[in-house]
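Subject: A structure for you to explore

Hi there,

Here is the structure I promised to pass on to you. Have it open while you read, and turn it around as you go.

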Amino acid sequence: MILTTKTKKNNFSKVITTSIQNWQAKLAGLLLLSTPLIYGCEDPSDIGLVLDPEANRIGVFYAEIPLSAYLVSADSLNTTNSGTLVAGGDISDYFGRTEATAYSRLTFSTSATIPESEAILDSAKFSLGIGSLTAEDLDEAKTFSAYKLTEPILDTAYYNFDHLAYEEAPFAAGSFMLKENSDTVVFMNLEEALADDLFTKLKGEDPVFNDIFSFRDYFPGFALKGSPEQQTTINVIREEHNTGYTNTGIKLYYRNSEEDTVSSVYSIYTNGVRHFNSITNDPSGTPTSIVTEKNTAYDVGDLVGSKALLGHMVKLNMEPLSNFLDTLGNVIFNKASLEMGPTENFPDSNMPIQGMIQYLADDNNEILRREDGAPYSVQQKGYPQTTTDDDGNVVPVFTSGGANPLAFNTEKFIYTPADSRYGITDYVDALYRTDVVRTDLLLYPASITYSGNSIVASNSLTRSLREYIVNQNSITLKIYYTKLR
């Protein structure tokens, strides 16, 4: 029996390899042996236990390859029409003070029944359909306010750093007891002068209500805000697709006469309107304060993480994997999996980012894209990882719906490939067997859903203030491979 512990590179600090005598027994005798490394010039694939060099024609090995990571802030994060209004904020030791403000137009139906000329206004509310939240101290009431814009939302692109002017005093404000993991609708009283003016114009058939363009001249839209000191961010649903009505907007409750016993409602809502989310951040005194330039990779120390809407993403340095693959010859990969975590402490009402799309990064720390703009990402098993271009070059492939994201395990608090059975085996194999460019990976915050055997990853970078933080020492590639002798 010969035990060797030598490696060519010091980019990975631990390689555990082992071989077994009987591959046909489905690895029943697999023995994992962890040893300290002695740096040398021999092939890392030879590190392990040789039981019978004459009889053992197949060697099965296991390698752990630690990865380092950087923090990259995305440039020009377009938040226009993201589908969700994000308002509130938080204060943390890692990201600093962060505040999100949602901006939205309002609209109405020109075919809706309007109050009669003698109608009586019972009440006027501004309602929010809260789909989800991130929060701390939910035993305390949380306050949110809506402000009338003093400049219009234009038909242009808006980014997370854009802001619009609004009136100093809110036209609606309220404090609410909120619950985690629960859709809810909250109501604020509309400021009396605005309520009276709206209702008077509505029942008087004022030109303001002739069309949405006239209405926007009168009411350009609103800004929705919370307080970072309350450690709460709400994600507001703009429209209810399944119910036929909206929970977010202005509601005027009225009776057409004193004899009416039940109020009718006229809604001015957010369905289908232009909107965007913006953010302000003060990272003073935190590890992320050094992140000052966009699309630049920063070493922020032992802890690394991402915060949606702020635009901070983790970039994985994949050079250790590349170096490892260069030492191998005549191997088959049985399974490769990327693991991150556990995440740093978080309250139950502030669950980390659900998942991350593993995009290939270019030299500018942006997503590597095809000529038509399609983004390249690590693909699931059964989807091609590479293709050949018109010049015969091997290039990454873009397959709609084929992305293989990392998903958050709510029991172990770690991130692993959503394709848990196969991990990222096909991706590692493609790097090993083809001339496709080897790149670092950008981990892009995403929402993960499952439909049968299909995994769907949708952008969440512009739709919340969720975050995660992990120690760099917990980022590891775990690879099982067979060496044919």
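Below is what was found in it, from the whole chain down to single residues.

Please keep in mind that this is a predicted model.

**The chain as a whole**

The chain holds four helices and 29 strands. It has 485 residues, and 52% of them count as buried. Among the contacts in the chain with a separation of 6 or more, 80% come from residues 24 or more positions apart.

**Two pockets**

Start with the largest pocket, which has a volume of about 430 Å³. Its lining is made up of 22 residues, and those nearest the centre are S132, Q354, S447, S460 and R466. By type, the lining has eight nonpolar, 12 polar and two charged residues. Which strand gives the most to this lining? That is β26, with four residues. You can also look for β9 (120-135), β14 (232-237) and β27 (454-459), since each of these, like β26 (441-451), supplies at least two lining residues.

The second largest pocket has a volume of about 330 Å³. Here 20 residues form the lining, and A74, L77, I367, R369 and Y444 lie nearest the centre. This lining divides into six nonpolar, 10 polar and four charged residues.

**A strand between two partners**

Next, find strand β10, residues 142-148. Six of its seven residues are buried, so β10 is largely enclosed by the rest of the structure. What does β10 pair with? One partner is strand β11 (residues 172-176), which runs antiparallel to β10 and is joined to it by five bridges. To see one of these pairings up close, look at S145, whose bridge partner in β11 is A173. Another partner is strand β13 (residues 222-225), again antiparallel, with four bridges. In that pairing, A146 stands opposite L224.

**A helix and its neighbours**

Helix α4 covers residues 425-433, and its buried residues are T425, Y427, V428, A430, L431 and Y432. What do these buried residues pack against? They pack against helix α3 (319-326) and the strands β20 (331-339), β21 (355-360), β22 (386-388) and β26. You have met β26 already, as the strand that gives the most residues to the lining of the largest pocket.

**Two residues to zoom in on**

The first stop is E64, in strand β5 (residues 58-66). Is E64 buried or exposed? Its relative accessibility is 13%, and the cut-off for buried is under 20%, so E64 counts as buried. The side chain of E64 makes a polar contact with the side chain of Y62, at 2.6 Å.

The other stop is N277, which sits in strand β17 (residues 275-282). N277 is buried too, with a relative accessible area of 0%. Which residues does its side chain reach? There is a polar contact with the side chain of S82 at 3.2 Å, and the side chain of N277 also reaches the backbone oxygen of T462 at 3.2 Å. Leaving aside residues up to four places away in sequence, N277 touches T79, S82, T84, L85, V86, T101, A102, Y159, N160, L309 and T462. Both S82 and T462 are in that list, so try showing N277 together with them when you explore this part of the model.

Enjoy looking around!

Best wishes

Note on methods:
Residues are numbered from 1 along each chain as its sequence is written. This is a predicted model: local features need pLDDT of at least 70, side-chain atom pairs count only at pLDDT 80 or more; totals for chains, interfaces and linings use all residues. Side-chain values use heavy atoms; hydrogens and water are left out. On a 1 Å grid over the protein atoms alone, a cavity is a set of points where a 1.4 Å probe fits but cannot get out, and a pocket is an open set with protein on both sides within 12 Å along at least five of seven lines; lining residues have an atom within 4 Å of a point. Grid points are joined across faces, edges and corners, and a volume is the space filled by probe spheres set on the points. Ala, Val, Leu, Ile, Met, Phe, Trp, Tyr, Cys and Pro count as nonpolar, Asp, Glu, Lys and Arg as charged, and the others, Gly among them, as polar. Buried means under 20% relative accessible area, exposed over 50%, partly exposed in between (1.4 Å probe, protein chains only). Two strands pair if DSSP finds at least two bridges between them. Contact means heavy atoms within 4.5 Å. A polar contact is a pair of N or O atoms within 3.5 Å; within protein, one must be able to donate a hydrogen and the other to accept it, and residues adjacent in sequence count only if both atoms are side-chain atoms.
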